[in-house]
Amino acid sequence: MPHDTSAVADVNVTGERIQLDRTLTILLVGVGGQGTILAGNICAMCAAEAGLDVKVSEIHGMSQRGGSVSTVIRVGNKVESMVCDPGCADVVVAFEAVEALRAQHFLREGGSMFVNDEQIVPVSVSIGNATMPADARERLEGIGAHLIPAGQIARDAGSPRSTNVVLVGAMSTALPFAREVWEDAIAKRVPAKTIEANLEAFSRGRAAVA
Amino acid sequence: MGKQLLSGNEAIAQGAWEAGVEVGTAYPGTPSTETLENLVKKPDVYCEWAPNEKVALEVGLGASIGGVRTLVTMKHVGVNVAADPLLSSSNTGVGAGLVLLAADDPSCYSSQNEQDSRHYAAFARIPCLDPSDSQEAYEFAQRAFEVSEEFDTVCMLHETMRIAHTRTMVEVAGTRTQRSPLPYESRPQKFVMMPANAVRRTLVTNEREDALVAWAEECDLNRVELRDRSVGIVVSGALYAHVREALPDASVLKLGVSWPLPPAKLAEFAAKVEKLYVVEEACTYFETRVRALDIEVSEPPAGRLPRSGEVTSAHIRAAFGVAAPAHIDPAEGLPPRPPAFCAGCPHRLVFCELRRLKAIVMGDIGCYTLGAVAPYSATDAVIDMGASLSMAHGMELAGAADRSKRPVVGVIGDSTFAHSGITSLLGTVYNGGTGTLCILDNRTTAMTGTQGNPVNGVTLTEQAARLSPLDVPAGKQLDLVALCRAMGIEDVRLVDAQDLKAVRTALKEATKATERLSVIVFKSPCRLVDRTRKPMPTIRDCRRCGTCIRIGCPALGKDETGHPVIDPTQCIGCGQCAQSCPFGCIIEEG
């Protein structure tokens, strides 16, 4: 998965301007290489298009080597900190179920969590130094997470590499940006020949939550 | 150009470019790396990777004295390497503006320590600017060049990972100031640091320090925000944003200039608030200096801030007694997910064999530092760039190999070897040392994102044009075998790092010959550079011995019965597991 690290250039406010009564925090977590950075950029672009202030903080470093990764997006009329502290995330999007559990305490009371219902076994488990949690799904359901088979949905849509955009579709239901703004942002951020497939993935991700 | 969402590093590149920077030099290092990778893409500026930070700063000094504005970037520990030219150039001053970007990493997200680079600014007595977001990074980068020229000094631009790797909105002008290079004239009394000149130039530095303090007192980059006067906080950088998040009503002295401090401004602020606090992370840089001005610094009412690690709004809330948002407890019993060697990584088999040899391994800085963790647990020490080879020599002098009956092996990557490993090796050769040194030549600087380096021969300009290291003509690459032979080492082997038997034989033979120095160059491209995939192997008649699992490939797992399972999405068909199976049960296709 190529990393989308280019800047969101030349932001023109095309969407309707939005005012928020407080800063919103979106936390994306996953495993290196899952496409969290692209998903974060799409979300940030929606906020910018709505005329909002936005900060996007990424932990780089060894992200391509299969470790835990996270991106924080904060949007508001004026955003201060770029970090998500425990209890501060309005939306948590987990690209992998164990990483969802690892991030559970960041969720705000009444916040939304969307989880790709898949588990990636870390090397620590395969070499026998640790075990996978047997009850990950139950624990996630217990805290009210939406479990979404995003990988399966992407494959069904004929675009297995669009798992991240399926999750963007899911998270879009919990954020105040219009559907067209999301679709416009996706069209600008993915390769031209994959726009249609990604918009389909986005649409199915939205439907999966409804 | 309007508003753009830029990382701190992108914003610094843009600001430097608009300031008319003509030369950029750096050694890659997280979190500084993208600055030059962005600058090189802009017109009318030349950028290059240096083999190390000392060279980068020296090239920068030459370019500056030669008359053009120059940007030099590095991570915090890189400033240690560049400290020699930095401390002495403090007395020479510069020609055209020279800005040194130092990028710190509190919490060691990708570093071996969390030192605060601003101590170097204070040590060298050079001004230091500290932006709090990308807008300021963009503006301060431009100001830094002005300050450098106005006060005839290197100007440090300081950032932390949270500034470097956070995108925030930036109002970009997009216009570059066209500048003519300064006319050159020899000024040996200014630039030749022989004792008589150095003594005289130190007097100039003294005067400059006074002038900088006067400037800092009046500078608009130091800003007072008077709100609730019961709490007054001195803060800079990303921590300003965290303070505003946690304590929106507090009065703040935001220091955009973190060296020198403005004594009168600090005293005036302290007098206006009931209690003065300092919020900083991983050091007591401000606290020590503010106290030295005889200004009382109070401890936060609900407890001290952490002495190490990144400080965020949560720590500030806790220290000032502000209730934390309610949340459920962190989950327990989760398997850790540290980074791991990629599927097909050419470092894997070398560390499997070092583990098998029970070698004492002096490691180095790069992806291969992961050789220290399970399932390899093969590395005994990692300190700094280039240390593996010199420390292995020291271990030899201590007789550690003889006493423990374990061979001592130094392990270093190609880029790190070019950075400072060559001189380490030279020291061993010169002094008649023995032992075995492994150079893991994966054709790239993988850890920081597959940069070019002197070994693979890809320049920064070529990297920006997407030249693959695999397409570089042999004559442009550094011939490591020839280099080692030229140093006088006779036992030099070139080994394919993906050939398990060859790796095993080479390590066995080299470590057995304890009377001489040997070098093994393990050559095979990083999988982030060579993305060739071969068919996935099949597993037949497995005896569940677990040997394949212990190579630690992320594409290899086990089912409930203990039978190995290959993940087809991650497997690239490298054949490492097939070679490791002692019973030949993993069969490569085709």
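**Close-up views of chain B**

**View 1. Contacts that reach far along chain B.** Take the contacts in chain B whose two residues sit at least 6 apart in sequence: 75% of them join residues at least 24 apart. Please keep in mind that this is a predicted model. Chain B holds 22 helices and 22 strands. Its radius of gyration is 27 Å, close to the 25 Å that the globule rule gives for 590 residues, so chain B is as compact as a globular protein of that length. The C-alpha trace spans about 80 × 65 × 55 Å along its principal axes.

**View 2. Surface and interior of chain B.** Of the 590 residues in chain B, 59% are buried. What does the accessible surface of chain B come to? The total is about 23100 Å², and carbon and sulfur atoms account for 53% of that surface.

**View 3. Helix α1 of chain B, wrapped by its surroundings.** This helix covers residues 8-18, and 11 of its 11 residues are buried, so it is largely enclosed by the rest of the structure. If you step along α1(B), you will meet B:G8, B:N9 and B:E10 among the buried residues, and also B:W17 and B:E18. Just after α1(B) comes B:G20, which has a positive phi, near 85°.

**View 4. An open, parallel sheet of 5 strands in chain B.** Reading across the sheet, the strand order is β14-β15-β16-β18-β17, and the pairing is parallel. Which strands form the edges? They are β14 (360-362) and β17 (491-496) of chain B, each of which pairs on one side only. From one strand to the next, the twist averages 25°. As a reminder, strands of a sheet pair through backbone hydrogen bonds, either parallel or antiparallel.

**View 5. Where β17 meets β18 in chain B.** Strand β18 covers residues 517-523 and runs parallel to β17(B), with 6 bridges joining the two. For a handy landmark, look for B:R493, whose bridge partner in β18(B) is B:I520. Helix α21 (residues 500-512) of chain B packs on the sheet and touches β15, β16, β17 and β18 of chain B. The direction of α21 makes about 165° with that of β17(B).

**View 6. Helix α16 across three strands of chain B.** Spanning residues 387-397, α16 of chain B lies across β14, β15 (408-413) and β16 (435-441) of that chain. How does this helix run relative to β15(B)? The angle between α16 and β15(B) is about 170°.

Terms used
Residues numbered from 1 in each chain as written. Chains lettered and ligands numbered in written order. Predicted model: local features only at pLDDT ≥ 70, side-chain atom pairs only at ≥ 80, totals over all residues. Heavy atoms only, no water. Pairing = 2+ DSSP bridges. Helix = DSSP H or I, 4+ residues; strand = E, 2+ residues; numbered from the N terminus. Axes fitted to C-alpha atoms, helices over the stretch in contact; angles between N-to-C directions. Contact = heavy atoms within 4.5 Å. Buried < 20%, exposed > 50% of the residue type's maximum accessible area, 1.4 Å probe, protein only. Rg over C-alpha atoms; globule rule 2.2 N^0.38 Å. Areas by Shrake-Rupley, 256 points an atom, 1.4 Å probe, with all protein chains shown as cover.
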